[in-house]
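Work through the two exercises below with the structure open in front of you. Each one gives a task and then a solution in steps.

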2 protein chains.
Amino acid sequence: MPTISQKGNKMPESPIRKLVPYAEDAKKRGVNVFHLNIGQPDIKTPQVALDAVKNNTLETLAYVRSEGSEIYRTKLANYYVAHNISVAADDIVVTTGGSEALLFTIGSITDPGDEIIIPEPFYANYNGFSTASGVTVVPVISKIEDNFALPKIEDFEKLITKKTKAILICNPGNPTGYLYAKEEIEKLKQIVLKHDLYLIADEVYREFAYDGLQHTSVLSLEGLEANAIVIDSVSKRYSMCGARIGCIVSKNKQFIATAIKFAQARLSPPTYALMASEAALDTPKSYFDEVIEEYVERRNTLIEELEKIEGVKVATPKGAFYCVAELPVTDADHFAQWILEAFHHKMETLMVAPASGFYSTPGEGKNQVRIAYVLNKKDLIRSVEILKEALKQYPN
Amino acid sequence: MPTISQKGNKMPESPIRKLVPYAEDAKKRGVNVFHLNIGQPDIKTPQVALDAVKNNTLETLAYVRSEGSEIYRTKLANYYVAHNISVAADDIVVTTGGSEALLFTIGSITDPGDEIIIPEPFYANYNGFSTASGVTVVPVISKIEDNFALPKIEDFEKLITKKTKAILICNPGNPTGYLYAKEEIEKLKQIVLKHDLYLIADEVYREFAYDGLQHTSVLSLEGLEANAIVIDSVSKRYSMCGARIGCIVSKNKQFIATAIKFAQARLSPPTYALMASEAALDTPKSYFDEVIEEYVERRNTLIEELEKIEGVKVATPKGAFYCVAELPVTDADHFAQWILEAFHHKMETLMVAPASGFYSTPGEGKNQVRIAYVLNKKDLIRSVEILKEALKQYPN
């Protein structure tokens with residue numbers, strides 16, 4: 001028998017996806033499952049994007065340019081400029097989702113054995129991309145008690161070795177919903193400049209900043225041009241997760257030229273999705289106003305309801321559409337599986353993502369789950385009610 | 001300044017894509033450029049696939065299952081069964097193009113430093129994917145004089161080391177157009193079974209077998225279930241290169257489970273493209289009959305015209321839609337750039353892919369180019385005429 005690679009064996013199962021078969025079994029038993037496990041919003045995609053694809057007149061569905069068409073990158077640059085991020089079309093490489101943007105970035109700046117420092121808990125798939133690239137994630141722990149604020153600068157500095165190539169943040173944060181203050185980004189700037197590191201910011205939730213707070217892009221800081229890399233995607237901004245269009249943005253020309261070589265090897269981003277993404281840039285501001293208002297209401301509802309449950313601790317998110325909740329259980333992985341496999345409340349149950357997969361430190365987050373508030377208020381209230389019942393009945 | 005990775009520096013430029021800026025400059029000067037550099041056919045995508053997307057009623061462009069929807073994989077399994085390849089939905093992982101299928105496959109079965117043996121010349125992007133994965137391509141040379149037939153078994157065996165994990169073939173071959181005989185696949189079977197290797201076959205050109213010859217899939221051989229991996233894609237079959245939907249097919253359950261972990265990390269293949277791909281499976285047989293007839297005519301025209309030029313040597317392709325031609329020049333890279341940069345014939349020129357990028361042995365293929373016969377007969381005849389003129393005028 002030929003063998004599986006060490007890398008393949010080490011690849012983590014996705015905490016967001018691994019319980020899907022249990023949810024499918026529950027559905028087969030007639031149980032309705034509320035999906036709070038994945039950042040798949042029920043929000044409608046802007047009509048202008050849907051229409052662009054419906055009205056397309058393509059006769060041959062051809063490749064587009066590997067780094068994305070010039071027209072799309074130019075329109076996208078205008079979007080960034082409107083968000084106080086001064087970049088041009090040539091600073092952008094269009095990718096197949098934020099996922100590929102991260103993969104190309106890691107490939108361009110790290111070799112196997114290199115290290116990337118990431119505040120923990122972090123987006124679970126960072127583990128997957130790092131493993132696939134042979135890179136070690138070095139976590140710096142942020143705490144639920146501190147609302148997952150940026151750890152102290154000293155905590156970062158003591159982790160930097162000769163193998164450290166970058167600090168990676170997600171801002172606003174998945175799974176924490178934490179929005180970094182400008183001062184925090186400034187602190188990171190000082191560290192990366194001092195140690196010649198890249199500062200990679202996954203800013204796919206840029207628009208989702210609440211309570212009047214401002215998002216600060218790493219590309220908006222002067223003097224960080226050679227170090228700052230933004231990972232972006234249309235998935236959350238326009239509720240078009242299925243498009244799979246993202247991008248890398250950086251003023252570092254050598255880095256962009258390298259990323260383009262990775263892009264050329266896979267030929268082309270998906271053409272229909274690029275069409276939708278280009279049109280989506282014409283989405284009216286009113287769309288975002290409504291969406292943000294909806295998410296703030298959902299967040300308030302979710303946090304309020306969760307805080308009513310005894311033993312549940314929750315950090316208040318200031319952005320994105322996730323929260324991390326600590327549950328009165330010892331093994332949230334087991335609990336999350338149990339509510340799908342062995343529990344229902346009036347033929348309804350819910351699916352959450354166990355938080356352990358969002359940590360790389362063994363044992364951390366064992367009693368936490370990530371909840372995505374991607375469903376309407378009524379469903380959220382019902383979901384928390386089910387959670388409460390489940391916690392009552394859970395035997396462990 | 002933060003640095004680029006060794007891997008990033010080593011990433012090859014795509015021989016198919018690297019001359020694109022020169023072609024764009026030529027167009028800016030008003031020169032018409034015939035694109036024979038890339039496997040982007042002018043053939044129309046089946047109407048049934050185009051219509052599925054045009055008539056979609058999605059309101060939220062959502063993720064699909066990481067390994068592809070069950071309904072698509074089931075329909076796809078039926079397609080394989082109809083091609084004498086006995087597989088089920090669970091033997092398939094849907095990917096973002098054949099490119100991603102190869103990347104997940106390499107990730108699942110190799111670690112950095114491992115080796116994959118590939119008959120040379122080979123599809124240029126195999127170099128890119130190998131470099132990105134830290135894997136060494138070990139070439140076994142096939143010769144234009146032999147029409148690029150499979151090298152002798154002994155040639156393979158003497159290259160096998162402890163680090164060898166797989167033999168990778170492209171069948172029908174890109175860039176050679178070579179179609180492996182059943183006996184050749186049987187020989188490869190003996191080697192991989194003897195040495196516990198995987199046999200990866202890129203079969204994206206399965207339908208494009210000419211002159212009454214039959215394509216033999218590695219999945220159709222008994223006893224090869226644990227070793228055979230097929231890389232596939234809708235790009236060429238349905239002339240929908242821009243879809244970016246491919247798949248991995250294997251009866252090796254452990255391998256498939258590993259590939260799914262890679263798929264989960266990037267969440268979802270592109271949804272619109274999946275819709276088009278699912279509908280494309282209903283393409284009538286008449287579509288393929290016409291397309292194959294068209295390609296055979298194009299091939300005959302191209303080879304006939306090329307053979308008229310003194311000093312040009314060409315292997316006759318039996319499948320796919322490429323041929324490798326040896327030109328009376330010493331540096332085909334320079335020549336290919338020169339015809340875009342400094343030459344035109346009546347304000348027209350052409351773009352070909354220098355073949356050196358399809359070899360990993362330094363110096364091989366220096367006087368060869370790959371020509372894709374993806375344009376209509378008239379354009380092909382005109383292209384060869386331009387080539388002839390260019391060879392006359394070329395100063396080197």
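Buried area is the accessible area, taken with a 1.4 Å probe, that two parts lose on being put together, summed over both. The model used here is predicted.

**Exercise 1.** Describe how domain 1 of chain A and domain 2 of chain A meet.

*Solution.* Begin with the bounds: the domain assignment gives domain 1 as 6–44 + 286–393 and domain 2 as 47–280 of chain A, and their C-alpha centres lie 25 Å apart. Next take the area, since domain 1 and domain 2 of chain A bury about 3200 Å² between them, with 62% of it on carbon and sulfur atoms. Then turn to the pairs: the rule finds three salt bridges across this interface, and the side chains of Arg299(A) and Asp211(A) meet in a salt bridge at 2.8 Å, N to O. There are also 17 residue pairs in polar contact between the two domains, both residues at pLDDT 80 or more. Finally, on the side of domain 1 that touches domain 2, α11(A) gives the most, with seven residues.

**Exercise 2.** Describe how chain A and chain B meet.

*Solution.* Start by counting residues: 80 of chain A are in contact with 80 of chain B. The area buried between these chains is about 6700 Å², of which carbon and sulfur atoms give 54%, and Pro2(A), Arg17(A) and Tyr63(A) supply 11% of the area that chain A buries against chain B, more than any other three residues. As a last step, look for charged pairs, where the count between chain A and chain B is four salt bridges, and Glu59(B) and Lys44(A) meet through their side chains in a salt bridge at 3.7 Å, N to O.

Note on methods
Residues are numbered from 1 along each chain as its sequence is written. Chains are lettered from A and ligands numbered from 1 in the order in which they are written. This is a predicted model: local features need pLDDT of at least 70, side-chain atom pairs count only at pLDDT 80 or more; totals for chains, interfaces and linings use all residues. Side-chain values use heavy atoms; hydrogens and water are left out. Contact means heavy atoms within 4.5 Å. Domain bounds come from an automatic or database domain assignment. A polar contact is a pair of N or O atoms within 3.5 Å; within protein, one must be able to donate a hydrogen and the other to accept it, and residues adjacent in sequence count only if both atoms are side-chain atoms. Helices (H or I, at least four residues) and strands (E, at least two) are DSSP runs, numbered from the N terminus.
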